[in-house]
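This report looks at helices and at charged side chains, and it is meant to be read alongside the structure shown here.

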Amino acid sequence: EADERWRQEQAVNGTLITWQAADGWLAALLAQRGYVADSAAAIRPLAPLPLLETTGPTIRLAQPEDEETLVALHLEEIRFHEAHTPYSRVVPAIEPAFRQRLARVWRGESIAEGAPLLLLAEQAGQVVGFTENWLSEIKGSWFPDGRYAYLNSVGVSEAARGRGIGRLLVAHTLYALAQYDIAGFYLYSALTNPISSHFWRK
């Protein structure tokens with residue numbers, strides 16, 4: 001009976017399974033079969049938005065002259081993930097794909113047109129962190145249908161971590177995305193990542 005409910009109610013793709021965290025019975029069943037929790041999806045309502053701090057790094061939109069720094073930060077983030085999450089790998093296609101997304105921004109495309117929204121944290125003239133985000137129309141998923149802002153990436157350089165830069169970046173990102181007539185925000189976080197697994201719980 002449990003197997004039949006599993007097949008009917010859960011999305012199964014190869015050896016990857018998506019289920020609602022509230023389904024404790026299924027988590028126990030999967031653990032018995034050798035599965036381990038890999039990542040968690042989280043949704044945040046549009047309001048209330050966090051308070052914006054008035055001190056700290058400057059948060060601004062990315063510009064074309066930031067491209068090489070952004071690429072370096074993006075690859076640093078992926079390399080960190082690689083050591084902790086089985087589905088993240090630094091492969092040859094990573095950099096060209098990221099540059100293609102950046103090119104849409106440099107051409108003047110907006111997030112409403114499918115380009116990412118990129119915010120940077122700059123401190124003492126150096127870019128030390130960034131977020132990459134876009135809009136998604138969700139239908140028939142595990143949360144209510146509608147337009148949501150997806151937080152694809154939040155990265156802070158290793159030398160600048162532990163100073164609250166990531167928290168500041170996320171707060172400004174939520175404010176920037178909230179203007180686009182969205183129902184809320186969502187993201188995926190790797191449970192085995194020692195930084196993000198703690199960061200997103202706060």
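The expected span of a helix is 1.5 Å multiplied by one less than its number of residues. The model examined here is a predicted one, and its helix α5, which covers residues 165-178, offers a simple use of that rule. With 14 residues at 1.5 Å a residue, α5 should span 20 Å, and the C-alpha atoms at its ends are indeed 20 Å apart, so the expectation and the model agree.

The surroundings of α5 can be described as well. Because 10 of its 14 residues are buried, α5 is largely enclosed by the rest of the structure; a residue counts as buried when its relative accessible area is under 20%. The buried residues of α5 are Ile165, Gly166, Leu168, Leu169, Val170, Ala171, Thr173, Leu174, Ala176 and Leu177.

Salt bridges come next, and a search of the whole structure finds 11 of them. One of these involves α5, since Arg167 lies in that helix while Glu53 lies in the loop between β3 (39-45) and β4 (58-61), so the pair ties together parts that are 114 residues apart in sequence. Glu53 itself is partly exposed, with a relative accessibility of 38%. The table gives this pair together with two others.

| Salt bridge | Closest N to O distance |
|---|---|
| Glu53 and Arg167 | 3.1 Å |
| Arg104 and Glu109 | 2.8 Å |
| Arg107 and Glu109 | 2.9 Å |

Glu109 takes part in a salt bridge with Arg104 and also in one with Arg107. As for accessibility, Glu109 is partly exposed at 23% and Arg104 is partly exposed at 27%, whereas Arg107, at 58%, counts as exposed.

How do two packed helices get described in general? Such a pair is described by the angle between the axes and by the distance between them. In this model, helix α3 (residues 67-82) and helix α4 (residues 94-106) pack at an angle of about 140°, and their axes are 11 Å apart. The two helices are therefore oblique to each other, and their crossing is right-handed.

Which residues meet where α3 and α4 pack? On the α3 side they are Glu67, Glu68, Leu70, Val71, His74, Leu75 and Ile78, and on the α4 side they are Ile94, Glu95, Phe98, Arg99, Arg101, Leu102 and Trp106. Among these residues, Glu67, Glu68, Glu95 and Arg99 are also linked in a network of salt bridges.

Key:
Residues are numbered from 1 along each chain as its sequence is written. This is a predicted model: local features need pLDDT of at least 70, side-chain atom pairs count only at pLDDT 80 or more; totals for chains, interfaces and linings use all residues. Side-chain values use heavy atoms; hydrogens and water are left out. Helices (H or I, at least four residues) and strands (E, at least two) are DSSP runs, numbered from the N terminus. Buried means under 20% relative accessible area, exposed over 50%, partly exposed in between (1.4 Å probe, protein chains only). A salt bridge is a side-chain nitrogen of Lys or Arg within 4 Å of a carboxyl oxygen of Asp or Glu. Axes are lines fitted to C-alpha atoms, for helices over the stretch in contact, and angles run from 0 to 180 degrees between N-to-C directions. Angles under 35 degrees count as roughly parallel, over 145 as roughly antiparallel, 65 to 115 as roughly perpendicular and the rest as oblique. A crossing is left-handed if the near helix is turned anticlockwise from the far one by less than a right angle, and right-handed if clockwise. Contact means heavy atoms within 4.5 Å.
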